[in-house]
Amino acid sequence: MHYILLALQKPLHGYGIMQLVTEMSNKEVNIAAGTLYGAIENLKKHGYIQLVSDGDSRKKVYQITASGREILAIENERLKHLVQLFEKGSDRGEKV
């Protein structure tokens, strides 16, 4: 979900999202079409992304919304906190 929101900082169609997620993840995440479109529907339902028109009815283009940017910022802070916890444990020689 977070890769998709990051990818949609600019308008993209489904195949473009899949390519960008693969690129951003250094080829570690490859989203199948069915998985992507299920995630897109869920993100639309929550108001995190929206369908935008590109003039070509065969390609649906999506973009992140203000709510999507907010949830992405919240997740970014959560992940930063998780990294800090890990680093504190590493500083003490403990395994986390």
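A residue counts as buried when its relative accessible area is under 20% and as exposed when that area is over 50%. The exercises below apply this to a predicted model.

**Exercise 1.** Determine whether Thr65 is buried or exposed, and describe its surroundings.

*Solution.* Step 1: locate the residue. Thr65 belongs to the loop that links E3 and H4.
Step 2: apply the cut-off. The relative accessibility of Thr65 is 13%, so the residue is classed as buried.
Step 3: list the contacts. Beyond the neighbours within four places in sequence, Thr65 touches Gly47, Tyr48, Ile49 and Gln50.
Step 4: examine the polar atoms. A polar atom of the Thr65 side chain lies 2.5 Å from the backbone oxygen of Gly47.

**Exercise 2.** Determine whether Gly68 is buried or exposed, and identify its contacts.

*Solution.* Step 1: Gly68 is part of helix H4, which spans residues 66-91.
Step 2: with a relative accessibility of 0%, Gly68 is therefore buried.
Step 3: outside the neighbours within four places in sequence, Gly68 contacts Leu5, Gly47 and Tyr48.
Step 4: Tyr48 is 20 residues from Gly68 along the chain, yet their C-alpha atoms are 3.8 Å apart.

**Exercise 3.** State the order of the strands in the sheet, and explain why E1 and E2 stand at the edges.

*Solution.* Step 1: the open sheet has three strands, ordered E1-E3-E2, with antiparallel pairing.
Step 2: E1 (12-13) and E2 (49-52) each have a single partner strand, so one side of each lacks a neighbour in the sheet.
Step 3: E2 is joined to the antiparallel strand E3 (residues 61-64) by four bridges.
Step 4: Gln50 has Gln63 as its bridge partner in E3.

Conventions: Residues are numbered from 1 along each chain as its sequence is written. This is a predicted model: local features need pLDDT of at least 70, side-chain atom pairs count only at pLDDT 80 or more; totals for chains, interfaces and linings use all residues. Side-chain values use heavy atoms; hydrogens and water are left out. Helices (H or I, at least four residues) and strands (E, at least two) are DSSP runs, numbered from the N terminus. Buried means under 20% relative accessible area, exposed over 50%, partly exposed in between (1.4 Å probe, protein chains only). Contact means heavy atoms within 4.5 Å. Two strands pair if DSSP finds at least two bridges between them. A polar contact is a pair of N or O atoms within 3.5 Å; within protein, one must be able to donate a hydrogen and the other to accept it, and residues adjacent in sequence count only if both atoms are side-chain atoms.
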